[in-house]
Structure formats: structure tokens, C-alpha cells
Amino acid sequence: MTDPIIQLKQLSKQFIRNLDFAEKAANLLGAGIKKQVVHAVDDVNLNIFKGEVIGLVGESGCGKSTLGRMVAGILKQSSGSIRYRGKDIHQLSTEERRRVQLNIQMIFQDSMSSLNPRMRVRNIIGEGPLVHGLTSQSEMDDYLDNIMIRVGLDPEFKRRYPHQFSGGQRQRIGIARAIAVKPEFIVCDESVAALDVSIQAQVLNLFMKLREDLQLTYLFISHDLGVVEHLSDRVVILYLGRVVEIAPTEALFEQPNHPYTRVLMAEVPRINLRHRKYSPVAGEIPSPLNPPSGCHFHPRCQFAEPRCGKEKPLLKEIASERFSACHLNE
Amino acid sequence: MPDSEPTLKVEKLHTSFFTKAGIVKAVNDVSFSVKRGEILGLVGESGSGKSITAFSILNLIDPPGRITSGKILFNGRDLVGSSEKEMQQLRGNKIAMIFQDPMMTLNPVLRIDTQMIETIQAHEKVSHRVAYERARDGLGRVGISSPEERLKAYPHQFSGGMRQRVAIAISFLLKPDLVLADEPTTALDVTIQGQILYEVQKLCRETGTAMVWITHDLAVVGGLADRVCVMYAGRIVEEGGVDEVIDTPMHPYTHGLIGSVPSQNRRGQVLYQIPGMTPSLLSLPKGCTFRPRCTQKTEQCLEVPQTLRTSSGRMMSCYNPFNQGL
């Protein structure tokens, strides 16, 4: 196999809330209040290869957006490294890093809040390529027309503002902005979650077309397993900041290994399943401020053994290209 | 009341908004009915008028909007033209509503127990003690553990899924005959959604409550509902049993909608795209409102299609439907 385009090595992110004045004062008197630490992403290892689509799935608060933002370079990791074509991004010189990170772009969920309402579409899409010297002021119009046609927007709309577009069109503007700087890798964070079914279908089709036309690689973050199944080659399941399972999409949906994956799969609404008897899943996702010991999933797991509450399970290869972090596989 | 009589029967309902830009016909000639213990899925995209239909039933349409004609028969009684006082007695009592965002419907500065007990005492003369016990049991029924403690909490101390469960518990407190649920699980994770669908299904079966479940998610409707109505631009274009409508859609819009849902056996294939865009309700196309986007259109479609009922209890309004043999 070829070298991965993106390599995450023991990537972690902690958010720390420092003590306020009152708590510090209380500590002087011996209250022993500790800083609150959230392990949003905990020791994630992942290789992403050229041209593949990785689906990143998990419930709200599991750290999937934080992981995506670190890969896109918006957040800095607490520890571990992100390598782009073998080079550690945070070891590079500023100039080099700028060039490398141009190859990694991001598309957000809420197109209304990720597009500047006071900028015209022309500037939203064109600013990036202009700053990075991919086009010049005089060639800008042709450059923009090209990109707008590619994402299915009428180039006549260049002078409009974001609020003059519908939700689906705004999402296309976000996509156009991302591909305008000719990236290799795109992080899509819940990019179709807020859209109506018929618009969602259009945007998903666009993602697939762009992937083929521009040989893009995606990290596709979503809580919608139906969408992930449709688009991805491999799926990564995240639970409370840790990867619990990685597998090729088809194998995962046919035979989920980790108990959490199985619960998720059982809950996916399917258009082909009618008059279902829904069953209650034990409990909710615990607070990441105070995650359960051992395997994070053990309080909700119906197969939990005493060991699961003590030892953290490691991500192990269970079949070719399939990894799962569960003690039950041993 | 005989069992066969529907809990809710909406007949030829028209709700319009009289704006400066023109008349917006948000609900246009809508008819449907729900029986005891039945779950009706009302499916449509944003702006199709599904929420306005629910608001019309509760008489919650504010000016410049109003119900211009039609009947809303609730247990045989017409709600259109009822006084505000009569409606207040029904709302939250016999007809309850669950909204998409529970953070907007729960009062952020009141504890959960205050809000639940208030609801009960607004409609029934019971002691605080009795009301408290009913509130506690209500929370327990929607799967909230240690309800006594949770009653003392404020809405912000709950997670999104828990808040929605509190909202559902409140809506079922007074054993309503009808619950209108407006996209209640759209903002939730699949596991939480599964739990809530489980609770709702159980409550409807146990108490015989009729339910209208408004959503844009066909997959949820497939799993939950008994019957489904598909709305487009203010009109119901197709209605029928959930299996029939999803397996053999007749109206081209329903057909397109189902084709655009990613499903198991078509991984990686191009999804069906309905051409064009949802029309503005201010300037609807002449005749069939779906005509400009339709693949089946003919000259005939310039006239508004009549509603056709088939022998199998299905309804649709189209001149050139799919699966015509049925």
C-alpha cells in the first residue's frame, strides 16, 4: 500500500478549565478543588490514504468535531502529531506550514455562520486563491466562473451576499470556497446535517462528483450512519474521545464488532424497516468531564465483564483491515 | 364515542398569511384524520406547511396569518372559531404539542417540578401532593432515572435528550387524546432518538393517544408511523399506509423523495435528485404545484389535479402517477 496522506499519531486534545479566584482562595484554605479537564480526543491513531473517504461517526460530545478541527489545523493538539505526507505539520517552518495546510480545507455544518454575511460571494470564494497567488485580480473572474460551475452555482450570482441564497446553495458556496485553493484533503464536519432530504441528495452527489473530478480525499464527520454508509470507504467509530472501531464500510455494516457499534447500528432508522419495535438503550453518553474507568462504554454495555471497568482496552486488529477496542475479542 | 370515529379530522383546511408581499397560502386544502392509538407521519421539506398545519390545529396562528376556511374536528367538535378560553382548556390538556427544541419550550428559570405541577393544576383540581406524584411517575415513565431528584433540577442541568424526554413527559401528563409532535428528534443523536421513539410508541399504545408526527425524515416515519401524509407546497400530495407509500409511491414527488434517501443497497451510487427547487409560496406555479419539477408532466397538469382515492384506502393527487395499477 502507498504511504498515507494524513497520519495521526497518538493525537490527544484536552480542554482545561482553570480555577477562578474564589476556587483558588478556597484551595488556600485546603478545599482541594482540582482543575476540570475534558479529554475531548484521547490517543487517536489513524492513517488516511490518498483518494479514500473516511467516515467519522459518534454521538454529540464524543470529540469528532474536535478531531476534525485538529486535522484541519484550526485547533492545536495537546499531544501527539499530525503528519502530512510524512511531515509533522507542527515541526515545519511557518512558510512551509502555510503551504501544507492549504492542502487541507474544511467545510462546516452551518453555512450561515461560516460565511461572512457582509462579503459578496465573489470575495468569499476568491479571497483564498488571490492571497495564495493561485490567481490574479485580472484572471479572477474566469477562475471563479470555473469553480462556481463546478459546484453547480450560476456564475451570475457572484455579486450576491450569502443571505440571498437558499440553504443548499449556501452549502455549495462553502464547498466552492474549500476547493478554490485546490486542496487534496477536505474535512467535512456535518456538512449535510441541516439540509432537507432532496437538497442533501444533491450535496452528497456533488461530494462524490468532486471526489472523482479532483481526486479528493475526505474526512467525513457525521452522526448520520445512512449518509456515512453511502459515501465512505472506511468508517471510524468514536466514543468519548477514543476510537472504538475502524473497519471498511461494508464489513462494518454487515458485522459490527464493538458492542457500541452494534448499538449504533441497531438504532439507525432505515427506510426499509417498518413498524419497528424500538428498544431502550441503557443510559446516555456519560459526561466527558468524568468518564467511566477502564472501557468508557462498560456502564452501558450489555456484555461488560468485571475486567472492563478496570483496564482500558487497546485497539487491536481483529481481521484484515479491521480494528476494534474491546476485551471480549480476546 | 364509537371507536371508529377519528380523534382528529381535518377537512379542507386553508391557512393563509396576508403579508405585504402578497397572500402566502401555507396550508392549502388539507384533509386528513387520525384514529385512537394511531401514529400519522406528516412528511415534507422545510416550508411545505407541515408545522403550520399543527399550529392551525391548536389555533396558534398569529396575524397576519389566519385560518380562512375548513374544519378541524376534534372528537367531533369543530375547533375553528373556538374562543381563546375554550382553546386554553384543550391545549396541554386534551391536545398536547412537542416542539423541536425543548430549550425553547421549557421555562429556563423554573424548576422541572414547578413546570410539571403547574401544568396539572392548570387543568385539574388536585392537591399539590397528588400533582407531584403524577409528575414523578410521568418522568419515570419516559425513562428518567431517580425522578425525585431530577424534578428539583432546572432545564439547563439536563442534556438535550433528557430535556426532550421531560417535554414528552409533560405532554403526556394529562393523558391527552391527541399529541402533535413537530420534529421532536431531529436534533438528537440516533441512540437518544431510538430511546425517545421507544417511549412515544409505548405511550401511544398504552394510552390510546392519537399522534401526528411531523418530520422530514422518511426513515423515522417508516419505523414509527402507521400511516403517512406527504406534503408539498402547502398541499397533501399523497396519503396511505406506511408500507404502501414507501414501497410503491404514486406521486412523482414522493417517488423522488424516497429515491434521494441514501439506503443500504445503493452504496456509492448517485442519489436521485429532484430537479429544480421548492417554489416560493408567494408565487406558486399554476395548476399542479409540482409541475415544473416533475418528470411525468403533461398538458393536463396545468389544471389542479383532483384528489383520487383508491380502493386500498390510498389518496393522491396526480394525473400521471407511478405504480398506476394499484
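Here are two short exercises on a predicted model, with worked solutions.

Local features need pLDDT of at least 70 and side-chain atom pairs count only at pLDDT 80 or more, while totals for chains, interfaces and linings use all residues. Residues are numbered from 1 along each chain as its sequence is written, and chains are lettered from A and ligands numbered from 1 in the order in which they are written.

**Exercise 1.** Work out how many residues each chain puts into the contact, and which helix of chain A gives the most.

*Step 1.* Count residues in contact (C-beta atoms, placed from the backbone, within 7 Å). You get 33 from chain A and 41 from chain B.

*Step 2.* Look for helices (DSSP runs of H or I, at least four residues; strands are runs of E, at least two; both numbered from the N terminus). On chain A, H8 (197–214), H9 (225–231) and H11 (259–267) each supply at least two residues to the side that touches chain B.

*Step 3.* Pick the winner: H8(A) gives the most, with seven residues.

**Exercise 2.** Find the strand order of the eight-stranded sheet in chain B, then its edges.

*Step 1.* Pair up strands (at least two DSSP bridges between them). The order comes out as S6-S7-S8-S3-S9-S10-S12-S11, an open sheet with mixed pairing.

*Step 2.* Spot the strands that pair on one side only: S6 (95–98) and S11 (308–309) of chain B.

*Step 3.* Zoom in on one pair. S7(B) (178–182) and S8(B) (210–215) run parallel over five bridges, and B:Leu180 sits opposite B:Val212 of S8(B).

How values were computed:
Contact = placed C-beta atoms within 7 Å.
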